[in-house]
Amino acid sequence: MDDRTTPPGSLTPSLSESPVKSYGASGRGSASGSRTRVALACTDCDSRNYQTTRKVERQGQLALKKFCPSCNKHTVHKETK
Ligand SMILES: [Zn+2]
């Protein structure tokens with residue numbers, strides 16, 4: 001058995017650790033670690049109607065079909081800076 005005695009009034013080391021350690025479970029913060037901010041521009045009229053974030057390591061351009069208020073219809077929006 002262990003023979004060490006705990007001095008009165010001292011916390012055990014395991015209790016001093018912060019219980020809040022769940023990083024990356026739901027990364028919804030605005031911490032731009034590996035994400036970059038891009039704008040989505042309409043390919044018809046070049047209006048930047050949307051803003052989003054994407055992972056830096058992802059290759060290629062994003063192209064999403066979204067509603068453009070200027071064209072008043074759904075058009076393809078591509079990422080721009
Ligand atoms: Zn448009």
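**A four-stranded sheet and its turns**

Asp46 sits in the loop that lies between E1 and E2, and this residue is a convenient place to enter the structure, which is a predicted model. Phi of Asp46 is near 65°, a positive value in a residue that is not glycine. Most residues other than glycine have a negative phi. Asp46 belongs to the hairpin of E1 and E2, in which 5 residues stand between the two strands. Is Asp46 buried or exposed? Asp46 counts as exposed, because 10 C-beta neighbours are found inside 10 Å of this residue, and a residue with 12 or fewer such neighbours is classed in that way.

From this turn, the reader can step back to the protein as a whole. The secondary structure amounts to 4 strands and 0 helices, and the order of elements, read from the N terminus, is β-β-β-β. Of the 81 residues in the protein, 7% count as buried. When contacts between residues at least 6 apart in sequence are considered, 40% of them join residues that are at least 24 apart.

How are the 4 strands arranged? They form an open sheet with antiparallel pairing, and the order across this sheet is E2-E1-E4-E3. The edges are taken by E2 and by strand E3, which covers residues 63–68, and each of these two pairs on one side only. From one strand to the next, the twist averages 40°. Strands of a sheet pair through backbone hydrogen bonds, in either a parallel or an antiparallel way.

The pairing can now be followed across the sheet, beginning at the edge formed by E2. Strand E1, made of residues 35–42, and strand E2, made of residues 48–55, pair in the antiparallel sense over 7 bridges. Among the bridge partners here, Thr36 is matched with Arg54 in E2, while Leu40 is matched with Tyr50, also in E2.

Within this pair of strands, Arg37 and Gln51 can be looked at together. Arg37 has its place in strand E1, and Gln51 lies in strand E2. If neighbours within four places in sequence are left aside, Arg37 is in contact with Gln51 and Thr53. The C-alpha atoms of Arg37 and Thr53 are separated by 4.4 Å, although the two residues are 16 residues apart along the chain. Gln51, with residues up to four places away in sequence again not counted, touches Arg37 and Ala39. Why are these two residues classed as exposed? Arg37 is exposed because 11 other C-beta atoms lie within 10 Å, and Gln51 counts as exposed because it has 10 C-beta neighbours inside 10 Å; the class takes in residues with 12 or fewer. In a regular strand, the side chains alternate between the two faces of the sheet.

The next step across the sheet leads from E1 to strand E4, which covers residues 73–80; these strands run antiparallel and are joined by 4 bridges. One of the residues taking part is Ala39, whose bridge partner in E4 is Thr80. Thr80 can also be compared in position with Gln51, since the C-alpha atoms of Gln51 and Thr80 are separated by 9.5 Å, with their places 29 residues apart along the chain. Ala39, for its part, is touched by Gln51 and has Thr80 as its bridge partner.

The last pairing is that of E3 with E4. How many bridges join these two strands? There are 6 bridges between E3 and E4, which run antiparallel. Leu64 has His77 of E4 as its bridge partner, and Lys66 stands opposite Thr75, which is likewise in E4.

E3 and E4 also form a hairpin, with 4 residues between them, and here the walk through the structure arrives at another turn. Asn72 lies in the loop between E3 and E4, and its phi is near 65°, which is a positive value in a residue other than glycine. Asn72 counts as exposed because 8 C-beta neighbours are inside 10 Å. Both hairpins can therefore be described through one residue with a positive phi: Asp46 in the hairpin of E1 and E2, and Asn72 in the turn between E3 and E4, the limit for exposed residues being 12 or fewer C-beta neighbours.

Key. Residues are numbered from 1 along each chain as its sequence is written. This is a predicted model: local features need pLDDT of at least 70, side-chain atom pairs count only at pLDDT 80 or more; totals for chains, interfaces and linings use all residues. Two strands pair if DSSP finds at least two bridges between them. Axes are lines fitted to C-alpha atoms, for helices over the stretch in contact, and angles run from 0 to 180 degrees between N-to-C directions. A residue is buried if 20 or more other C-beta atoms lie within 10 Å of its own, exposed if 12 or fewer, and partly exposed in between; C-beta atoms are placed from the backbone. Two residues are in contact if their C-beta atoms, placed from the backbone, lie within 7 Å.
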